[in-house]
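Please walk through the model below, taking its sheets, helices and cysteines in turn.

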Amino acid sequence: MCGFTGIITKENYDDSSIKDMLKKIEHRGPDNQSFYAGENLHLGFARLQIIDLDPRSNQPMIDENTGAVITFNGEIYNYKELKAELMSKGVEFKTMSDTEVILRGYLYYGNEIIKKLRGMFAFIIVNGNRVFMARDHFGIKPFYYTINEAGNFIFGSELKALVANKDFKPELNEKCLFSYLELQHTLGEETMLKGVYRLPNGHYIEIENMAESVEPKVHKYFEFEMDEDKITDLEEAKELIRNAVKESVELHKVADVKVGTFLSGGVDSSYITALTMPEMSFSVGFKEEDGKFDESGLAKELCEVLGIKHEREFITEDDVYQNLDKIIWHLDEPQANLSSIPLYFLSQVARENVTVTLSGEGADELFGGYDLYREDSTIEKYLKLPKGFRQFVGGVSTIFPDSNFKRRLKKGAHDISDIFVGESNISSESEVKSILKDKYKNGFRATDITKQYYSKDISEISFKQLVDLNCFMQHDILLKGDRMSMANSLEVRVPFLDLEVWKVARRLSPELKVNGSITKFALREAAKDVLPPDWYNRPKKGFPVPFRDFLKSDKFYNKFYEVLSSDMAEEFFDRKGLIGMLDDHKNGVKRYHRRLYSYYVFLKWYESIF
């Protein structure tokens with residue numbers, strides 16, 4: 001787990017800002033920082049040593065025969081297998097690193113090496129004037145790129161590295177603000193900075209001759225596709241899941257440093273921990289709301305059952321207050337998922353003891369874990385009625401008093417592809433319009449992107465999964481996992497996000513994902529052989545944060561008031577509306593903490609960039 005940045009030029013061009021660019025992300029790799037300067041290429045690399053601690057495995061790594069150079073962030077879990085395959089073909093190696101396996105694999109197989117890699121990765125290889133860059137299948141590791149005002153292709157592991165380039169002038173991408181306020185994160189290839197793109201998961205970039213042109217050509221090599229109903233038998237599903245997850249965990253445990261696990265009270269991290277059996281596991285909770293906002297007690301109980309040492313720490317309101325702006329800076333993009341806060345402190349606790357942790361992210365998206373994936377039988381029958389009739393009933397329902405029944409009638413008036421935008425939806429379009437200034441109301445909506453994943457050939461559950469796999473998981477779950485762990489120089493691995501696990505999950509029938517009121521049905525059943533009943537049956541809680549209570553305190557209120565009442569806030573929002581929401585929340589009139597947090601995060605991010 002590391003960080004890289006670079007500059008590709010058409011002409012011999014000495015850009016000393018490569019050092020400034022790397023400085024911004026040195027937290028990603030405290031063990032070694034190195035640079036490479038070629039005729040048309042500048043690279044900077046910050047290394048966190050995980051596999052092969054020998055200095056010869058430092059990067060940028062150069063092949064002595066061809067002069068090809070690589071920088072790589074991530075881990076390749078099948079690197080030993082690939083290395084043996086290459087050695088059988090006469091390829092020689094000088095290190096024990098997975099980095100060298102990618103480099104020599106590329107020199108032997110060319111672009112086809114990408115289809116052989118099993119792991120999390122973002123890398124660039126330059127061989128002569130030819131450039132090859134790639135991002136892993138699931139989008140676990142980040143990759144940003146743009147062309148600056150000098151006409152150079154610049155890239156890096158975080159946005160802040162690109163902003164540090166002397167010829168890059170950041171400009172707000174106004175189109176992204178609307179959907180960010182809907183979802184608490186941005187969507188698609190575009191970022192909140194105009195002209196800056198994230199390389200999507202399962203894609204690679206080629207620059208065929210950087211001496212003539214730095215214009216990138218983007219290609220897709222993988223996408224999430226459901227092949228449901230191939231597995232309908234529960235016993236078969238359990239066996240396949242157990243085998244795939246167990247094998248993935250074994251591969252994810254390989255490291256030359258200490259490995260632990262993150263552990264909450266839920267089935268996902270508990271399953272990973274029980275299979276890993278690490279020396280230590282880690283959890284955090286909030287002191288103010290012991291029990292209500294704290295699953296760390298459940299984690300401690302499981303570790304006592306399994307015989308694992310458990311490190312458990314409590315977060316206070318003052319901890320959050322003192323570190324909030326630092327957390328937002330490290331997030332790098334405007335991302336307003338409150339669970340980033342405890343994840344920052346959890347990574348801090350873990351890093352004091354280990355260098356690598358395994359985590360349970362990805363299970364909800366792959367196996368059907370969110371409550372929004374299930375509907376009660378009444379609404380399911382209602383949705384089978386003609387759309388015209390449902391629209392009529394939805395319109396008439398406006399005369400009824402507010403209730404869950406009324407909300408269901410209004411929801412049922414629309415096709416699922418018109419209304420489902422993912423697990424992270426925090427504001428409706430009308431709520432966003434009511435608070436945004438007119439010049440920002442024409443940005444793209446969340447449904448502009450989420451609709452593309454709809455197909456009549458798959459179930460509603462699979463459609464919802466595809467939305468969350470491509471949106472929520474990409475730009476929220478994995479982003480916060482990468483940034484909060486890297487802020488503390490910790491590597492987090494996610495065994496559920498493995499190609500072999502995905503091959504099983506994508507073929508499950510809908511009933512094996514959600515069975516009545518039970519989410520992740522087949523996964524829970526598979527976990528029974530290693531977990532006590534209380535753990536594999538436990539409903540999902542997420543990573544709850546008592547922020548609604550924090551925001552009622554004077555110090556948090558004043559902190560938010562200063563930002564939300566500023567001239568900067570007036571540029572984007574109805575400032576009077578912001579303060580009205582802040583006051584109503586403090587006085588208990590209505591809960592606005594998630595929306596208020598999204599405004600605050602955006603404004604602090606904007607301030608840090610501009």
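The model is predicted. A convenient place to begin is with the sheets. Strands of a sheet pair through backbone hydrogen bonds, in either the parallel or the antiparallel sense. This chain offers a sheet of each kind, described here one after the other.

In the antiparallel case, six strands make up an open sheet, and their order is β2-β3-β1-β9-β8-β10. At its edges are β2 (32-37) and β10 (197-198), each of which pairs on one side only. The edge strand β10 is joined to β8 (residues 144-147) by two bridges, and the two strands run antiparallel. Across this pairing, Y145 is placed opposite Y197 of β10.

The parallel case is an open sheet of five strands, ordered β15-β14-β13-β16-β17. Here β15 (309-315) and β17 (491-493) have a single partner strand each, so one side of each lacks a neighbour in the sheet. Direction ignored, neighbouring strands of this sheet are turned against each other by 30 degrees on average. Three bridges pair β16 (residues 356-358) with β17 in the parallel sense, and L358 stands opposite R493 in β17. Helix α10 (residues 340-351) packs on this sheet and touches β13 (259-262), β14 (280-286), β15 and β16. The direction of α10 makes about 145 degrees with that of β14.

Next come the helices. An α-helix has 3.6 residues a turn, so residues three or four places apart point the same way. In helix α13 (residues 387-396), the buried residues are R390, V393 and G394. Around the axis they cover an arc of only 100 degrees, which puts them on the same side of α13.

Two packed helices are described by the angle between their axes and by the distance between those axes. For helix α24 (residues 554-564) and helix α26 (residues 575-586), the axes come within 10 Å and cross at roughly 175 degrees. Because of that angle, α24 is roughly antiparallel to α26. On the α24 side, the residues that meet α26 are D554, Y557, F560, Y561 and L564. Their counterparts in α26 are R575, L578, I579, L582, D583 and K586.

Of these, R575 can be followed further. It belongs to helix α26 and is partly exposed, with 24% relative accessibility. Setting aside its neighbours within four places in sequence, R575 contacts L564, S565, S566, D567 and E570. The C-alpha atom of R575 is separated by 9.4 Å from that of L436, although the two residues are 139 residues apart along the chain.

T450, in helix α17 (residues 446-450), is buried, at 0% relative accessibility. Residues up to four places away in sequence not counted, T450 touches F420, V421, F463, V467 and C471.

The last of these contacts leads to the cysteines. A disulfide is a covalent bond between the sulfur atoms of two cysteines. How many disulfides does the structure hold? It holds zero. C176 shows why in its own case: its sulfur is 13 Å from the closest cysteine sulfur, which is in C471, and that is too far for a bond. The cut-off for a disulfide is 2.5 Å between the sulfur atoms. C176 is buried, with a relative accessible area of 0%. C2 is buried as well, with a relative accessible area of 5%.

Note on methods
Residues numbered from 1 in each chain as written. Predicted model: local features only at pLDDT ≥ 70, side-chain atom pairs only at ≥ 80, totals over all residues. Heavy atoms only, no water. Buried < 20%, exposed > 50% of the residue type's maximum accessible area, 1.4 Å probe, protein only. Pairing = 2+ DSSP bridges. Helix = DSSP H or I, 4+ residues; strand = E, 2+ residues; numbered from the N terminus. Axes fitted to C-alpha atoms, helices over the stretch in contact; angles between N-to-C directions. Contact = heavy atoms within 4.5 Å. Arc of directions from axis to C-beta. Parallel < 35°, antiparallel > 145°, perpendicular 65-115°, else oblique.
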